[in-house]
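Please go through the sheets and pockets of this structure in question-and-answer form. Keep the answers short and reasoned.

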Amino acid sequence: MTILETKNLRKIYGSGEAEVRALDGVDIQVEKGEFLAVVGTSGSGKSTLLHMLGGLDRPTSGEVFVDGRNIFSFKDEALTIFRRRKIGFVFQNYNLVPVLNVYENIVLPIQLDGQRPDKAYIGQIIETLGLEKKLQNLPSNLSGGQQQRVAIARALAAKPAIILADEPTGNLDSRTSQDVMGLLKVTSQKFTQTIVMITHNEEIAQTAGRIIRIEDGRVRSAHAADRG
C-alpha cells in the first residue's frame, strides 16, 4: 500500500538568470511500513523535499499525497491539522520544549489536537526506546542521544501515517548515532511505521531498507540498501 507519493514535484526560487530549481520534477512512492533514506550533498534538494513532504512549504507545482490525500489541496489551517495528525517529525536539533518533562513532550502533539493519549501504546513506545526512568526529567538533564529518543517517541505517539526524520543523527557522536538508527529501525518494524529520513551520511543511510539519491533537485537513483 502506497502511503506517500509525489508527482512531478517542483520548487523554483527566483527567475531568469537567478532561477534555482531546488526540486525539478521529483516522483517518488513510499510503501506503508517502509524505511526510506534520501541521500544527497548539501544543496542537492533533499531538505527542500522533506519540507514539501511534510507540508512545511508549498511547491511551485506538483502534488504530494499522504495517506491518499493531496496535502496541498488543503488551506493553511486544515493543512496544519492534517500535519499534526498524520506526520511526525524528528529534527537534528530535537526541538523539545525545555519547560516540559519527557512524558509531557511525548504527548504534547496529541494534547494540542485535543485528543487523549493511548496510554498502552505510549507505554510500548517508552519501553522500546528505554525511557522509563527518564519520564520526569527535563530535556536539559538528558544527553543528546536521550533527547533524540524523546523526539522519536513524540513523533510516534500520535500514530502518524509517516515520520520524517531530518538528519536525525547530525548532532550525535558515531556510537550514539548507531544506537539512534537502530531504534528507528526497531520502531519502524515493531509499529509498522513508515519513515523517510534525510541524511548526507552514506553509512547511516544503509540502516534504511531503501535509498534514494537526489542531485540537483532530481532523483538520480533508487535501490535497496546494501546489507553487506
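The questions below concern a predicted model.

Q: In which order do the strands of the six-stranded open sheet lie?
A: The sheet is open and its pairing is mixed. Its edge strands are β6 and β10 (218–224), each of which pairs on one side only. From one strand to the next the twist averages 20°. The order is β6-β7-β8-β3-β9-β10.

Q: Over how many bridges do β6 and β7 pair?
A: Strands of a sheet pair through backbone hydrogen bonds, either parallel or antiparallel. Between β6 and β7 the sense is parallel, and G88 stands opposite I163 in β7. The number of bridges between β6 and β7 is five.

Q: Which residue in β8 stands opposite I163?
A: β7 pairs with strand β8 (residues 194–199) in the parallel sense, over five bridges. Opposite I163, the residue in β8 is I195.

Q: What is the handedness of the β-α-β crossover from β7 to β8?
A: β7 and β8 pair in the parallel sense. The chain leaves β7, passes through helix α6 (residues 174–190) and reaches β8. This β-α-β crossover is right-handed.

Q: Which residues of β7 are buried on each side?
A: Strand β7 covers residues 162–166, and five of its five residues are buried. In a regular strand the side chains alternate between the two faces of the sheet. Both faces of β7 are covered. On one side the buried residues are I162, L164 and D166, and on the other they are I163 and A165.

Q: What is the bridge partner of V39 in β9?
A: Strand β3 (residues 35–39) pairs with strand β9 (residues 210–215) in the parallel sense, over four bridges. In β9, the partner of V39 is R213.

Q: Which residue in the hairpin of β9 and β10 takes a positive phi?
A: β9 and β10 run antiparallel and are joined by six bridges. I211 stands opposite H223 in β10. The hairpin has two residues between the strands, and the phi in question is near 50°. The residue with this positive phi is D216.

Q: Which strands are at the edges of the four-stranded open sheet?
A: The strands of this sheet lie in the order β2-β1-β4-β5, with antiparallel pairing. An edge strand here pairs on one side only. The edge strands are β2 (20–31) and β5 (69–70).

Q: How many bridges join β1 to β2?
A: Strand β1 (residues 2–13) and β2 run antiparallel. In β2, the bridge partner of T6 is I28. The number of bridges that join β1 to β2 is nine.

Q: Which residues of α1 are buried?
A: Helix α1 (residues 46–53) is mostly covered, with six of its eight residues buried, meaning under 20% relative accessible area. After α1 comes G55, whose phi is positive, near 70°. The buried residues of α1 are K46, T48, L49, L50, M52 and L53.

Q: Which element gives the most residues to the lining of the largest pocket?
A: The largest pocket has a volume of about 390 Å³. Its lining has 16 residues, and the closest to the pocket centre are R84, I87, F89, P109 and R154. Two or more lining residues come from each of α2 (76–86), β6 (87–91), α3 (102–112) and α5 (144–157). With four residues, the element that gives the most is β6.

Q: How many residues of each class are in the lining of the largest pocket?
A: The classes are nonpolar, polar and charged. In the lining of the largest pocket there are 10 nonpolar, three polar and three charged residues.

Q: What is the volume of the second largest pocket?
A: Rolling a probe the size of a water molecule over the atoms shows where empty space is left. The residues that line the second largest pocket include R84, R85, P109 and I110. α2 and α3 each supply at least two residues of this lining. The space in the second largest pocket is about 170 Å³.

Q: How many charged residues are in the lining of the second largest pocket?
A: The lining includes D113, R116, D118 and K159. By class it also has five nonpolar residues and one polar residue. The number of charged residues is six.

Technical notes
Residues are numbered from 1 along each chain as its sequence is written. This is a predicted model: local features need pLDDT of at least 70, side-chain atom pairs count only at pLDDT 80 or more; totals for chains, interfaces and linings use all residues. Side-chain values use heavy atoms; hydrogens and water are left out. On a 1 Å grid over the protein atoms alone, a cavity is a set of points where a 1.4 Å probe fits but cannot get out, and a pocket is an open set with protein on both sides within 12 Å along at least five of seven lines; lining residues have an atom within 4 Å of a point. Grid points are joined across faces, edges and corners, and a volume is the space filled by probe spheres set on the points. Ala, Val, Leu, Ile, Met, Phe, Trp, Tyr, Cys and Pro count as nonpolar, Asp, Glu, Lys and Arg as charged, and the others, Gly among them, as polar. Buried means under 20% relative accessible area, exposed over 50%, partly exposed in between (1.4 Å probe, protein chains only). Two strands pair if DSSP finds at least two bridges between them. A crossover is right-handed if, with the strands pointing away from the viewer, the path from the first strand over the helix to the second runs clockwise. Axes are lines fitted to C-alpha atoms, for helices over the stretch in contact, and angles run from 0 to 180 degrees between N-to-C directions.
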